[in-house]
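Okay, thanks everyone, let's get going. I'll put the structure up on the screen and then walk you through what I looked at.

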Amino acid sequence: MKEGDISQSKAEDIPTDKPINPFQHLNIILNPDGSVCRLLTSIPVVPNSDPSSGDPVLSKDSIINPTTNTFVRIYLPLKSTTGEPPRRLPIVFYFYGCSWVQFSADNPPLHLERQRTAIAISSIIILVNYRLSPEVRLPGQYDDAIDALLWVKKQAEDDQNGDPWLREHGDFSRCFLSGSGNGGNIAFHCAVGAVDVDLGPLRIAGVIMNQPLFGGQMRTRSELQFARDPIVPLPVLDLVWKLALPEGVDRDHYYCNPMSAGPHLAKIPFLPRCLVNGFGMDPTVDRQRDFVQMLISMGVNVEAHFEDVGFHRIEIVDPRRHDALITLYKEFISVPNLGFNIEN
């Protein structure tokens, strides 16, 4: 693929006052071998697992698959300077938003936000450092998500060598899958994949999707109306799907468009409670609304929150939206455990 070769883009789709170069927007350069050079770099944050340090949230990394070298960063909130968590805590898996191509779990803002969230929602957070596209295309990221679930299952089953933070402080019956942007896409597909996996003693109590990233071949009204979104303008959406999807498929593949035909449809009725959050000025909001309607039509218990105003991932820069999102998370997690919809 040559730089500027953006699938499905048309000149009339995008205002022409200032052309958008999606590679520059994402700060990446396409290499001849199909990989990318990522120009946005930061000093990685080293986790701190020392309870005597005074940090209100401890953190540590654990390899979950030596073959792929994927890992999770675990966040354990402490009650006070005594270093003791208050009780058994829900376990929240988090798949971060990166447009499929950027960042890792040791990114400073991402690390800081997970610390803040762990305290705010009183939960152990498992930040999954999945592999990036285009070096690893879908479904590689979904495989990494399932690996994270199976790794936690192993910790729960291992009386001798299981991770002590999880075994001593985690509530394996209250596990949640969560994610923002493309991380919300991963959370959904992970939940679908988990339907066929024996996770006991883990129990998935819910799926939280903040502005989940979905797509499709035909333009939606919101994509055209908000084509110059500051985070994911239309050419960027085109590019990231071209980099993430398997070679030879289009954006109506069910990885991108869950409303399309695929093996996932038979599993959707078995999903647990879902929370979907969106904003009315996000170019992907029409797809999110259609996604919610699909879940409801298939019998899934869905809680949906859509604000009229707000661009994609506005909570990153708007403290009010950020606080409201955390409140939604906290309220959703506090509902008594229902788990997978096994009656369907």
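So, the lining of the largest pocket: helix 1 (22–26), helix 2 (108–120) and helix 9 each put in at least two residues. Helix 2 has the largest share of that lining, with 7 residues. Keep in mind that this is a predicted model. In total, 37 residues line the largest pocket, and the ones nearest its centre are Gly97, Phe103, Pro109, Arg313 and Ile316. For those of you who like volumes, we're at about 920 Å³ for the largest pocket.

What about enclosed space? Rolling a probe the size of a water molecule over the atoms shows where empty space is left. Here we get 2 cavities of 30 Å³ or more, and the largest cavity holds about 60 Å³ of space. Which helix gives the most to the lining of the largest cavity? That's helix 7, residues 234–244, with 4 residues. Among the residues around the largest cavity are Leu234, Leu237, Asp238 and Trp241, and you'll also find Arg219, Glu223, Arg251 and Arg287 there.

Okay, on to the sheet. It's an open one with 8 strands in the order 3-4-6-5-7-8-9-10, and the pairing is mixed. Strand 3 (57–65) and strand 10 (302–307) are at the edges with a single partner strand each, so each has one side without a neighbour in the sheet. From one strand to the next, the twist averages 20 degrees.

Let me zoom in on strands 7 and 8. Strand 7, residues 170–180, pairs with strand 8, residues 204–210, in the parallel sense, over 6 bridges. If you want to click along, Leu177 has Val207 in strand 8 as its bridge partner, and Ser178 stands opposite Ile208, also in strand 8. In a regular strand the side chains alternate between the two faces of the sheet. How many residues of strand 8 are buried? It's 7 of the 7, so strand 8 is largely enclosed by the rest of the structure.

Now, what lies across those strands? Helix 3 (residues 140–157) lies across strands 3, 4, 5, 6, 7 and 8, running at about 110 degrees to strand 3. Helix 9, residues 319–334, which we met at the pocket, lies across strands 5, 7, 8, 9 and 10, and runs at about 165 degrees to strand 8.

Then there's the nonpolar core. The largest one has 97 residues, and those with the most contacts inside it are Phe93, Phe95, Trp100, Leu149, Leu177, Phe188 and Leu295. Take Phe95: leaving aside residues up to four places away in sequence, its contacts include Val128, Tyr130, Ala145, Leu177, Ile186 and Cys190.

One last residue, back in helix 3: Gln155. Is Gln155 buried or exposed? With a relative accessible area of 8%, against a cut-off of under 20%, Gln155 counts as buried. Beyond four places in sequence, Gln155 touches Asn161, Gly162, Asp163, Leu166 and Arg167. Arg167 is 12 residues from Gln155 in sequence, and the two are 7.0 Å apart in space, C-alpha to C-alpha.

That's my tour, happy to spin the model around if anyone wants another look.

Definitions and conventions. Residues numbered from 1 in each chain as written. Predicted model: local features only at pLDDT ≥ 70, side-chain atom pairs only at ≥ 80, totals over all residues. Heavy atoms only, no water. Core = buried A, V, L, I, M, F, W, Y, C linked by side-chain atoms within 4.5 Å. Buried < 20%, exposed > 50% of the residue type's maximum accessible area, 1.4 Å probe, protein only. Contact = heavy atoms within 4.5 Å. Pairing = 2+ DSSP bridges. Axes fitted to C-alpha atoms, helices over the stretch in contact; angles between N-to-C directions. 1 Å grid on protein atoms, 1.4 Å probe; cavity = no way out; pocket = protein on both sides within 12 Å on 5 of 7 lines; lining within 4 Å. Points joined across faces, edges and corners; volume = space filled by probe spheres on them.
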